[in-house]
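Here is a walk through a two-chain model, with the strands up front and the symmetry further down. Keep the viewer open while you read.

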There are 2 protein chains.
Amino acid sequence: MNKKTLGIGLIGAGTVGGGVIKILENKAELLFKRSGFNLEIVKAADLDTDKLISLGIDKTKATNSADEVINDKDVDVIIELVGGTGIAYEIVEKALNAGKHIVTANKALLAERGEKLFTLAEKNEVAIAFEAAVAGAIPIIKAIRDGLSADTLQCLLGIVNGTCNYILTEMISSGKSYADALKDAQSLGFAEADPTFDVEGNDSAHKLTLLSQLGFGTSPDFTKINIEGISNLSLEDVASAAKLGYKVKLLAVARPINNQLFLSVHPALLKENHPLANVMGSMNAISLFADNAQESMFYGRGAGEMPTASAVVADIVEIARSGSSDKIKSKWIPDAENTYDIAPMNDYHCRFFVRFTVSDGFGILGKIASILGEKHVSIKSVEQNEANEARVPIVILTQVAKEGNLREAVKEIEALDFNLEPAGILRIEE
Amino acid sequence: MNKKTLGIGLIGAGTVGGGVIKILENKAELLFKRSGFNLEIVKAADLDTDKLISLGIDKTKATNSADEVINDKDVDVIIELVGGTGIAYEIVEKALNAGKHIVTANKALLAERGEKLFTLAEKNEVAIAFEAAVAGAIPIIKAIRDGLSADTLQCLLGIVNGTCNYILTEMISSGKSYADALKDAQSLGFAEADPTFDVEGNDSAHKLTLLSQLGFGTSPDFTKINIEGISNLSLEDVASAAKLGYKVKLLAVARPINNQLFLSVHPALLKENHPLANVMGSMNAISLFADNAQESMFYGRGAGEMPTASAVVADIVEIARSGSSDKIKSKWIPDAENTYDIAPMNDYHCRFFVRFTVSDGFGILGKIASILGEKHVSIKSVEQNEANEARVPIVILTQVAKEGNLREAVKEIEALDFNLEPAGILRIEE
């Protein structure tokens, strides 16, 4: 058999890089059968070359210079696992200019500086493959691009950050506060020492950017995405939601309305029987609604050495199968169907969970209801907990309302003298 | 722009065919952008040509002769929506020999007579695409073939028949008997007038055959698959399972153990928190475990006009994108990684739900437990319902046991004089 070889250059030997090396080594025969190519690491770079060697890379192939990988004429595809948007950008830019395909797990890079890189890839007729950048081992990029190629996407809701989902699961299931759940997540390795990037929603927003490029054929300005994290979420609200039959999840949301696209990361209530409501712990899932395929949901591991490496190697296999760069090109570059404007959240329409905290007294609910009514916000249900007379939480579920109206009403109510604390506002997604 | 055209021949204008015509018509521009080709029906055949015309096919393109479609030199891809394994086989065989790609939703054809057709496709360097044949709009074929190309599949559990899942959901949620739930399903269009093919598990077995070809690189003999339907399932057992925290689902199961592959369709118990346990109504879902990607689940519409048509058209787009037949070939034809033997179910290992129905009396449970013990079946829990002294159901959940041993023990117990009815045996999948 005439074995053809696809030369791989690996840059960055962290956790995922180690997993990639293992798969390429352990599954060489299988990958050859499936891709038609011998998938071989011909050069690998890391600042710590000893680490590369300890991972099984031959001394002659290990280097501490990314340029050496990029300039190696036997390298056809570069796996960029450096991370971040600085050096990684330079590496990918150089590699694309050198005519190399890119496989990357770097969501920050593609979300914040992707447009130029995709344009460059198109010019050089090479691919940027990034299945591993969104929801790890869940083949959501391929599902949208290939599975839904005959559809127009109408809604995307994703649980795409395992750290947040782990913390929220602990808050829901074990009644832990945010702070305690975070500590547990850190001690178990589900959260970084500095968790800001995850818990404040930035990581989810990066993934949402990539998903909406594909799903809505648009190139959203990352800085315009509405981002609300979970660090201010109160256990009281999570518990109140649970009593009403809802689970709180941090969602990445993309909803097109006419030519406007709402892009937002926020904690939201999901009815217990929603497919995403039972996604527990560090698992990820994306729920889609498309005009023809209708509802679907994709669930799996969003992170971890081998799941992420699985997605990286699957992208390599796809590039090998695609054969000529011309074929890959048409598959990877988002081509705008519509140009959407990112819509302001004040125009968002959904049902809301609102918790007011008030002093005890007569007529308070009447005043609250009147102000909501004046702003065209209808109430679906009210729960008043009068266990403690000095501090009475009133939990209101609204009918579908315009967010701007709701926020105006809440602001007015917060200014009244019976109001004790800022209101808790959570969107209900369905 | 130089519009290239991919000529489509449609054979069979039933529900799905109508959906395909709609999508190709309504999304022509979008599909061109996504595929790089003008996807155009150049010839369509149905015995009822008036139906074709009423669906919007131009008179000059409508025919009642499949041969006319196959022999049209402008046809590049044939969509076979005739169904069945007779005429459809002849059509596909002729089309492959004429060098046409095939897109089909015909699971029976590919499961029962697929091997010859795939071989013929390979010889003629054309594709057989069949995403629509398994779980409708869920892109499970692409997920296994592309998303998990770096993985070895270790377990597949699928809810792939909407009729059965609808009936079981009604039994679980509304406490209806099988017969009543079936009647409801029929009146709502979720079950055929003659539901045998669905409720006895044959349809699920066809889909299992296709999934295991891809997932395990094998060509299982369809007739060797273990098939147990739901028509003998008692509401009593479904309700007992629910009390113990389990839901009963009809599952298509593929589990490789060493060089043996268990392929079975059977009703099974799933713990309430299993991702498949909450797949309700006519929805489909497939749960996978792979060595690198680990657990994943794919959920969506398994049938219906537009969801199924969405999968058909997505396959057309993929063929268009692939460009040359050479590229498609390597993607569609299952290439054996291992040759598995289909294992006999007596060698299956799992936990079991067993319901004995006995007369009241002392020492009965002791006798049952002793016989199970002799056959190396350990008991995890026992529930005895003594509400009715004349007929006492004893529900036993076992530890993991070998199926052959369990069945021997049950046979012995059924022969004892206190036993009133054949035992109910259900596997527990996890």
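In which sense do E10(B) and strand E18 (residues 419–428) of chain B pair, and over how many bridges? They pair in the parallel sense, over two bridges. One of the places to look is B:Leu269, whose bridge partner in E18(B) is B:Ile428. Bear in mind throughout that this is a predicted model.

## Strand E10 and its partners

E10(B) covers residues 260–271, and ten of its twelve residues are buried, so to speak of it as mostly covered is fair. Its pairing with strand E9 (residues 246–257) of chain B is antiparallel and takes twelve bridges. Within that pairing, B:Val248 sits opposite B:Leu269 of E10(B). B:Leu269 therefore turns up in two pairings, facing B:Val248 in one and B:Ile428 in the other. The link between E9(B) and E10(B) is a hairpin with two residues between the strands. In that turn, B:Asn258 has a positive phi of about 55°.

Two short strands also pair with E10(B). Strand E8 (residues 226–227) of chain B runs parallel to E10(B), with two bridges, and there B:Asn226 has B:Ser264 as its bridge partner. Strand E13 (residues 341–342) of chain B is parallel to E10(B) too, again with two bridges. For that one, check B:Gln260, which is partnered by B:Asp341 in E13(B).

## Strand E1, between E2 and E4

Now go to the start of chain B. Strand E1 (residues 5–11) is mostly covered, with five of its seven residues buried. E1(B) pairs in the parallel sense with strand E2 (residues 38–45) of chain B over seven bridges. B:Thr5 and B:Asn38 are bridge partners there.

E1(B) also has strand E4 (residues 77–80) of chain B as a parallel partner, this time over four bridges. In E4(B), B:Ile78 is the bridge partner of B:Gly9.

## Chain A as a whole

What does the overall build look like? Chain A has 16 helices and 18 strands. The C-alpha trace spans about 85 × 45 × 35 Å along its principal axes. A compact globule of 430 residues would have a radius of gyration near 22 Å, and the 24 Å of chain A agrees with that.

Buried residues account for 53% of the 430 residues in chain A. If you take contacts in chain A between residues at least 6 apart in sequence, 75% of them join residues at least 24 apart.

## The nonpolar core

Which residues touch the most other members of the largest nonpolar core? That core has 287 residues, and the answer is A:Val312 and B:Val312. Leaving out residues up to four places away in sequence, B:Val312 touches B:Val16, B:Val20, B:Ile79, B:Val103, B:Ala105 and B:Ala132.

## How the two chains are related

Chain A superposes on chain B by a rotation of 180° with 0.0 Å of shift along the axis, and the RMSD is 0.0 Å. The two copies are thus related as by a two-fold rotation axis. A:Phe298 has the C-alpha nearest the axis in chain A, at 2.4 Å from it.

## The interface

How many residues does each chain bring to the contact? It takes 46 residues from chain A and 46 residues from chain B. On the side of chain A that touches chain B, the elements giving two or more residues are helix H2 (28–35), helix H7 (140–147), strand E12 (294–301), helix H13 (305–322) and helix H14 (325–332). H13(A) supplies the largest share, ten residues. By class, this side of chain A has 20 nonpolar, twelve polar and 14 charged residues. Because 100% of the interface residues of chain A are also interface residues in chain B, the copies meet through the same surface.

Strand pairing carries on across the interface as well: E12(A) and strand E12 (residues 294–301) of chain B run antiparallel and are joined by five bridges. A handy pair to pick out is A:Met297, which stands opposite B:Tyr299 in E12(B).

Notes: Residues are numbered from 1 along each chain as its sequence is written. Chains are lettered from A and ligands numbered from 1 in the order in which they are written. This is a predicted model: local features need pLDDT of at least 70, side-chain atom pairs count only at pLDDT 80 or more; totals for chains, interfaces and linings use all residues. Copies are superposed by least squares on the C-alpha atoms of residues with pLDDT of at least 70 in both. Two residues are in contact if their C-beta atoms, placed from the backbone, lie within 7 Å. Ala, Val, Leu, Ile, Met, Phe, Trp, Tyr, Cys and Pro count as nonpolar, Asp, Glu, Lys and Arg as charged, and the others, Gly among them, as polar. The radius of gyration is taken over C-alpha atoms; the globule rule is 2.2 Å times the number of residues to the power 0.38. A residue is buried if 20 or more other C-beta atoms lie within 10 Å of its own, exposed if 12 or fewer, and partly exposed in between; C-beta atoms are placed from the backbone. A nonpolar core is a set of buried Ala, Val, Leu, Ile, Met, Phe, Trp, Tyr and Cys residues joined through C-beta atoms within 7 Å.
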